[in-house]
Amino acid sequence: MCAIDPKIQMHFFGTGMQYYIAARAASIGQLMPVAGNLFHHAVEMLLKGDLTRAISPRELAQKPYSHSLVNAWNKFKEINLDEDLSGFDQIIEALHRFEVIRYPDKMLIEGAGIALVWGAGEPPPVAQILDEETQEEHKISPEYVLNVGKVDALIARLFKVCSINPPTYYRPGPNSEVDRFLQHQNSEYDFWVPSSPTSPQE
């Protein structure tokens, strides 16, 4: 195992929490594909926070990890063998796809069908294009689908596996706009936010 400074691990977790809040705010505003990319970074930071137990931050910043969510996830599962995490493989792969459209050049060349869905529902139909020769409609390929409910479940599971105490990184205040972003259609909210949050000190 890597002897890591706990402050570095806390920085990863704290940054991941901020990305998560920003991603939910962007999702509420239907800001796609930015919301997907922000969720990607949130999960990346949380995974890397735990991986610092075995890998140095310098190594995590390089290949095969870098921004590869799939590689970070596979290593995370490897060092947490006592946890059955296979049910999250699909959402990890879906989030990883948003990294390739972090910059607009790929979408400009290939096009993109982008969809966002809350809860456990199915995504809405993605954009279609009309074939001028056959006059038939075809889905734009590739597709990028963000299921916020599944990401919420993944985040909650990461908090448990990593033994993260959420109030350490975020303590909601009364009438907090940030708290509204976190509560919106979030079935996992009660798990990691205190039921009776204390008011900020005056």
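**Helix H5, its surroundings and the aromatic pairs**

In helix H5 of this predicted model, the buried residues are Ile-91, Ile-92, Ala-94, Leu-95, Phe-98 and Glu-99. Viewed along the axis of H5, these buried residues fall within an arc of 170 degrees, so they line one face of the helix. An α-helix has 3.6 residues a turn, so residues three or four places apart point the same way. The cover over the buried residues of H5 includes H2, H4, S4 and H7.

One of the buried residues of H5, Phe-98, leads on to the aromatic pairs, of which the structure holds three. Tyr-20 and Phe-39 form one that is tilted, with 6.1 Å from centre to centre and 55 degrees between the planes; this pair links distant parts of the chain, since Tyr-20 belongs to helix H1 (residues 6-28) and Phe-39 to helix H2 (residues 34-51), 19 residues apart. Both Tyr-20 and Phe-39 are buried. Phe-98 takes part in another pair, with Tyr-144: the ring centres are 6.0 Å apart and the planes stand at 55 degrees, so this pair, too, is tilted. Because Phe-98 lies in helix H5 (residues 89-99) and Tyr-144 in strand S4 (residues 143-147), the pair ties together parts that are 46 residues apart in sequence. Phe-98 and Tyr-144 are both buried, and the ring of Tyr-144 also has the charged end of Arg-97 sitting over it, 4.9 Å from the ring centre.

From these pairs one can turn to the nonpolar interior. The largest nonpolar core has 47 residues, and those with the most contacts inside it are Val-43, Trp-73, Phe-76, Leu-95, Leu-146 and Leu-154. Two or more residues each come from H1, H2, helix H4 (69-78), H5, S4, helix H7 (148-161) and helix H8 (177-183), with H2 giving the most, eight residues. For Leu-146, the contacts beyond its neighbours within four places in sequence are Ser-27, Met-32, Ala-35, Gly-36, Phe-39, Leu-95, Phe-98, Ala-115, Leu-116, Val-117 and Val-151; among them are Phe-39 and Phe-98, each of which is a partner in one of the tilted pairs described above.

Helix H1, which carries Tyr-20, completes the path. At 1.5 Å a residue its 23 residues should span 33 Å, and the C-alpha atoms at its ends are 33 Å apart, which agrees. Its buried residues include Phe-12, Phe-13, Met-17, Tyr-20 and Ile-21, together with Gln-9 and Arg-24. Just after H1, Gln-30 takes a positive phi of about 60 degrees.

Notes: Residues numbered from 1 in each chain as written. Predicted model: local features only at pLDDT ≥ 70, side-chain atom pairs only at ≥ 80, totals over all residues. Heavy atoms only, no water. Phe/Tyr/Trp six-rings, centres within 6.5 Å; stacked < 30°, edge-to-face > 60°. Helix = DSSP H or I, 4+ residues; strand = E, 2+ residues; numbered from the N terminus. Buried < 20%, exposed > 50% of the residue type's maximum accessible area, 1.4 Å probe, protein only. Lys NZ or Arg CZ within 6 Å of the ring centre and 35° of its normal. Core = buried A, V, L, I, M, F, W, Y, C linked by side-chain atoms within 4.5 Å. Contact = heavy atoms within 4.5 Å. Expected span 1.5 Å × (residues − 1). Arc of directions from axis to C-beta.
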